[in-house]
Amino acid sequence: MTTLSPENSLSARQSASFILVKRKPPIDKTEWDGFFDENGHLAKSRDFICVNILERGLHPVVRTEAWKFLTGYYSWQSSQDERLTVDSTRRKNYEALCQMYEKIQPLLENLHRNFTETRNNITHDIQKLYDKDPLGNVLIDKKRLEKILLLSYVCNTQAEYQQGFHEMVMLFQLMVEHDHETFWLFQFFLQKTEHSCVINIGVGKNLDMLNNLISFLDPVFAEHLKGKGAGAVQSLFPWFCLCFQRAFKSFDDIWRLWEVLLTGKPCRNFQVLVAYSMLQMVREQVLQESMTGDDILLACNSLIDLDADELISAACIVYAELIQKDVPQPLKDFLL
């Protein structure tokens, strides 16, 4: 085990400090536009922007453009003209993928049983989506959403379709105007977050590290979870599969957390600290009532309508505590 440097400890305290003071307003369009020079190059560093996004968030008006930088859709070094070229290229590439899909669809239907099964699952999941706002206005186009999900399934061999992707892609569709933007932002989001929400890639790692983190920071709670509460943590996989979206009270809260995950601040795999912070919300009840695994899961599933800023702040404080300790190497490699 190795002790983290004082410089990193200071950085951690700074990352958590915004819980102790009134949070500044989100980055609005005027401020965002001021980050660029006359040629459209960013005049502020990537680190400066990411730290501000962590601490303050993004105004909805600038979220789409900012996410294109955060995901890697745009290069941080690009000019305005280069970004226009990138947009055009992404659109053409998406259209080419759509044409390819149309050509091979009959072959997939005849030769790949998994394709038909997956297509039926996507259709079923989308039909269950509630697609209207409180006033009854339709929010999304389900046919377009289905097409994007099918194309993603066919083209992304790393991340096969899983239940919950339809909800995630819906949130991208709500954020942007064009289908090619929805498609590419989702692909880049999966890559940027190291496929942490994909069952056969990142979810198991997250659960293992969550167990390790509980054992390291809260041995009393860990002992209960290994005994009477056995199985509870492993049953929390939907938190990671859905990137916590069912825990929040609004789409804005979901986007707020996701954009923090995209910054890589204050650390890699910040989602594990978020999950730990959520578990701490039920800790006292679990221990006082000596809950079993099933009861713990019910208590965790009752964590809804959360405020993203409060949860991010709590997770940053966990990070500030963690980085000042003699962290076991597996946790350090995964988080720090």
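Q: Which element gives the largest share of the lining of the largest pocket?

A: In this predicted model, the largest share of that lining comes from α8, which supplies four residues. The elements that give two or more residues to the lining are α8, spanning 165-175, and α13, spanning 251-263.

Q: What is the volume of the largest pocket, and which residues lie nearest its centre?

A: The volume of the largest pocket is about 370 Å³. Its lining is made up of 17 residues, and those lying nearest the centre are L129, Y130, E167, M170 and F251.

Q: How do the residues of this lining divide into nonpolar, polar and charged?

A: A lining can be read by sorting its residues into classes. For the largest pocket, the division is 10 nonpolar residues, two polar ones and five charged ones.

Q: Turning to a single residue, where does D87 lie, and is D87 buried or exposed?

A: The reading starts with the element and then takes the accessibility. D87 belongs to helix α5, which covers residues 80-111. Because buried means under 20% relative accessible area, D87, with a relative accessible area of 19%, is counted as buried.

Q: Which residues does D87 touch, leaving aside residues up to four places away in sequence?

A: With those sequence neighbours not counted, D87 touches K68, Y73, Y74 and H180.

Q: Where is there a cis peptide bond, and what is its omega?

A: The angle to read here is omega, given for the bond that joins two residues. The cis peptide bond joins K265 and P266, and its omega is about -5 degrees. P266 itself is placed in the loop between α13 and α14, the latter being residues 270-288.

Q: What is the phi of H195, and where is H195 placed?

A: For H195, phi is near 55 degrees, which is a positive value in a residue other than glycine. H195 sits in the loop that runs between α9, residues 179-192, and α10, residues 199-217. As for accessibility, H195 counts as buried because its relative accessibility is 8%.

Q: What is the phi of S290, and is S290 buried or partly exposed?

A: S290 has a phi near 50 degrees, again a positive value in a residue other than glycine. The position of S290 is in the loop between α14 and α15, where α15 covers residues 293-301. Partly exposed is the class between under 20% and over 50% relative accessible area, so S290, at 30% relative accessibility, counts as partly exposed.

Methods. Residues are numbered from 1 along each chain as its sequence is written. This is a predicted model: local features need pLDDT of at least 70, side-chain atom pairs count only at pLDDT 80 or more; totals for chains, interfaces and linings use all residues. Side-chain values use heavy atoms; hydrogens and water are left out. On a 1 Å grid over the protein atoms alone, a cavity is a set of points where a 1.4 Å probe fits but cannot get out, and a pocket is an open set with protein on both sides within 12 Å along at least five of seven lines; lining residues have an atom within 4 Å of a point. Grid points are joined across faces, edges and corners, and a volume is the space filled by probe spheres set on the points. Ala, Val, Leu, Ile, Met, Phe, Trp, Tyr, Cys and Pro count as nonpolar, Asp, Glu, Lys and Arg as charged, and the others, Gly among them, as polar. Buried means under 20% relative accessible area, exposed over 50%, partly exposed in between (1.4 Å probe, protein chains only). Contact means heavy atoms within 4.5 Å.
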